[in-house]
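This briefing sets out the surroundings of the ligand and one surface feature of the protein. Please consult the sequence and structure shown here alongside the points that follow.

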Amino acid sequence: MASKKAPRSLSATAPTPKLPAETHQVASEGDPNLTTNHGLPISDNQNSLKAGVRGPVLMEDFILREKITHFDHERIPERIVHARGSGAHGYFQPYESAADITEAAFLQDPKKKTEVFARFSTVAGGAGSVDLPRDVRGFAVKFYTSQGNFDLVGNNIPVFFIQDAMKFPDVVHAVKMEPDRGFPQAASAHATFWDFISLTPESMHMIMWAMSDRAIPRSLRMIEGFGVHTFRFINAEGVSRFVKFHWRPTIGSAAVVWDEAMKISGADPDFHRRDLWQAIERGDFPEWELGVQVIEESQVEQLDFDLLDPTKLIPEEIIPIRPLGKMVLNRNPDNHFAETEQVAFCPSHIVPGIGFSDDPLLQGRLFSYLDTQLMRLGGPNFHQIPINAPRCPFANNQRDGLRQMHVHKGRVAYEPSQISPPGAPRECPVHGFRTNPEVETGEKIRKRSETFADHYSQARLFYRSMRPPEQNHIASALAFELSKVEIIEIRNRMLGHLGHIDAGLQETVADALGIPLEDAVRIKPAVPPRDLDPSPSLSLISKDPHTLKGRKAGILITDGADPDQFAAILAALKKAKATVDVIAPRIGGATTSDGALVPADHSLTGGPSYFFDTVVILAAADAVPDLVREAAAVNWVRDAFGHLKVIAYSPAASPLIKAAGVDPDGGTILLDAPKSVKTYIAAARAGRRWDREPTLRSVG
Ligand code: HDD
């Protein structure tokens, strides 16, 4: 706005310069001055202002006060759920036009890339908790489309614990640390969670997923994502169809085993965040295919469950996924707080061509996220934070409010107006968002639909679609979690539910807990469970792509190791597209028999074998006695074997293999001939040795 009283040096008619449009950019290159937040150059950033060098600090030190005050306010309320997240930038590109099913602009032109920001998260733990608890993973993507932001706020599990948003605060309070004692952090293995779950039969399907390997993913780059609810796609002719969103990682999905998860959580709490960051830094960009299951309105009645019930899925074998395009994450955030922390996802952010269904859980979410962002980000202008701002122009008559960054001009902030300037924002009746005109009738009522009442059939479907190792892991997880529940009645009630899912599962868990089956509480299902056809596409093992792409190998090497063998293994692993880290007894590296130094990425204690998908031990005979005496080395091998990994080792390393109690099998490869490198790569590509598991631990 023009200053009425211009300083003398300015001409009376020249207005004061206006604020630049982008005032929130931080000055950096070319301006090395350290200043206060108000631009005052600072002469000393090491010492506070004191009365004498050994005297008291003066209240006058406004520079110290500004710095400390800012620091004191550097945290914002963390998300009540999904507090711990890792994000990345990238783009989405459709394979071809999807105009037949949706008019969404970002799904029309295969040549057009749409900018995205993705945030992956755990649910229960705080922002500073670990990456590998047993937990659901959030999979949220913001598409900055030409028609506004579309937020697809999903999880890595296609169903949910509850059917109605009314129960969300309850399920979250139950899983979070117990309020009196403040523990456990980031864990569902405690009484309040299982108390709630055992009284909430609708959660049984989700429980099967949460106890499965899906809840301990190997990498965020390898998780599947799901929109969970039924949404709508609407095309330009106004034809509406129901859709379910699916994300599929192009390198396939994989999980860790539970013992690994527990150890990784201690050794590297940032295991997933680091893995995502490093992959992007090295140019190994994570990719997912986005697809939809399309359900015609006429098909809805043929489904044996209610499409509005978020505890149900449609097996791909019944309605296949139509691929839409690919998301590539190719840039790490510049600043974790500014981007990953401040990004604000809202399921209500949709674009023309996409619509909601009447799923009561979704309907509740449409309210909750905006409300939470207002609180978390301090007011109604959070859409102006760079990570949240649409990339397309946006304009309306909303004004002012906390943290307003825009300097809106003019006197008109309403419409209609006769005096608004040309170009003032107006409705767009032609391409503006229109709600799908559904006919809604019904009495006002607080009641669950009877079509939501079958709580066990799909839990059974999921369990029976798993391969035996996966079923064993579900049983083990249930036994582990319930063993942490000190209230016997809760364990017994859970056992009652398991009986409706699968009698074998119930028996295994009861046995593992040491509870007589007769103690299982008798629960009368609202609807008797049915046997549905298994869906092999739900099993991770069935879909294992048997690849080393995106996987990580660890080579433990000692002084005196054979350089040719090292070079051959390294080349073969790289050819198979694995990344390779070198581990040496000391971080200074290892000197091979030809005197060359092999730099190490980790020392033995800093690079345990559970950081890797497959391991190689290249030890010289002289070095082995020291390794055999070294607990970290013995555990390195023992863990790799116990975690079902393929292990290759030089003949000289045999005493170490023996000391670790390894009983050689098809997954332990002796590198005694040039062709054994090939044998090793083939075995490593095949992934974990599930056949070894029953010889190592009692499952269930
Ligand atoms: Fe939620 C965050 C996913 C049900 C209320 N949710 C949040 C995030 C994801 C999900 C991925 C983190 C987004 C980010 O990275 O910032 N939530 C889901 C899915 C659900 C679901 C897939 C069921 C299908 N959520 C749900 C319900 C409610 C909420 C029923 C409330 C009625 N969710 C929230 C929230 C959060 C949130 C409290 C916390 C932080 C935030 O929103 O931004 O509003």
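In this predicted model, Arg 119 places a polar side-chain atom 2.7 Å from an oxygen atom of the ligand. The points below cover the polar contacts, the make-up of the ligand shell and a nonpolar surface patch.

**Polar contacts with the ligand**
- A nitrogen atom of the ligand lies 3.3 Å from a polar side-chain atom of Arg 365.
- The side chain of His 82 has an N or O atom 3.4 Å from a nitrogen atom of the ligand.

**Composition of the ligand shell**
- Two or more residues of the shell around the ligand come from each of the elements β3 (137-145), β4 (148-155) and α8 (360-376).
- The largest contribution to this shell is that of α8, which supplies 6 residues.
- The ligand is surrounded by 23 residues, of which Arg 79, Arg 119, Arg 365, Tyr 369 and Gln 373 come nearest.
- Sorted by class, the shell around the ligand comprises 12 nonpolar, 8 polar and 3 charged residues.

**Nonpolar surface patch**
- On the surface, a nonpolar patch is formed by Val 57, Leu 64 and Ile 68, and together these residues have about 220 Å² of accessible area.
- Ile 68, one of the patch residues, belongs to helix α1, which spans residues 62-72.
- Ile 68 counts as partly exposed because its relative accessibility is 41%, and the partly exposed class lies between the limits of 20% and 50%.

How values were computed:
Residues numbered from 1 in each chain as written. Predicted model: local features only at pLDDT ≥ 70, side-chain atom pairs only at ≥ 80, totals over all residues. Heavy atoms only, no water. Patch = residues over 30% accessible without salt bridge, like charges linked within 9 Å, V, L, I, M, F, W, Y side chains within 5 Å. Areas by Shrake-Rupley, 256 points an atom, 1.4 Å probe, with all protein chains shown as cover. Salt bridge = Lys/Arg side-chain N within 4 Å of Asp/Glu carboxyl O. Helix = DSSP H or I, 4+ residues; strand = E, 2+ residues; numbered from the N terminus. Buried < 20%, exposed > 50% of the residue type's maximum accessible area, 1.4 Å probe, protein only. Near = heavy atom within 4 Å. Polar contact = N/O pair within 3.5 Å; in protein donor to acceptor, adjacent residues only side chain to side chain. Nonpolar A, V, L, I, M, F, W, Y, C, P; charged D, E, K, R; others polar.
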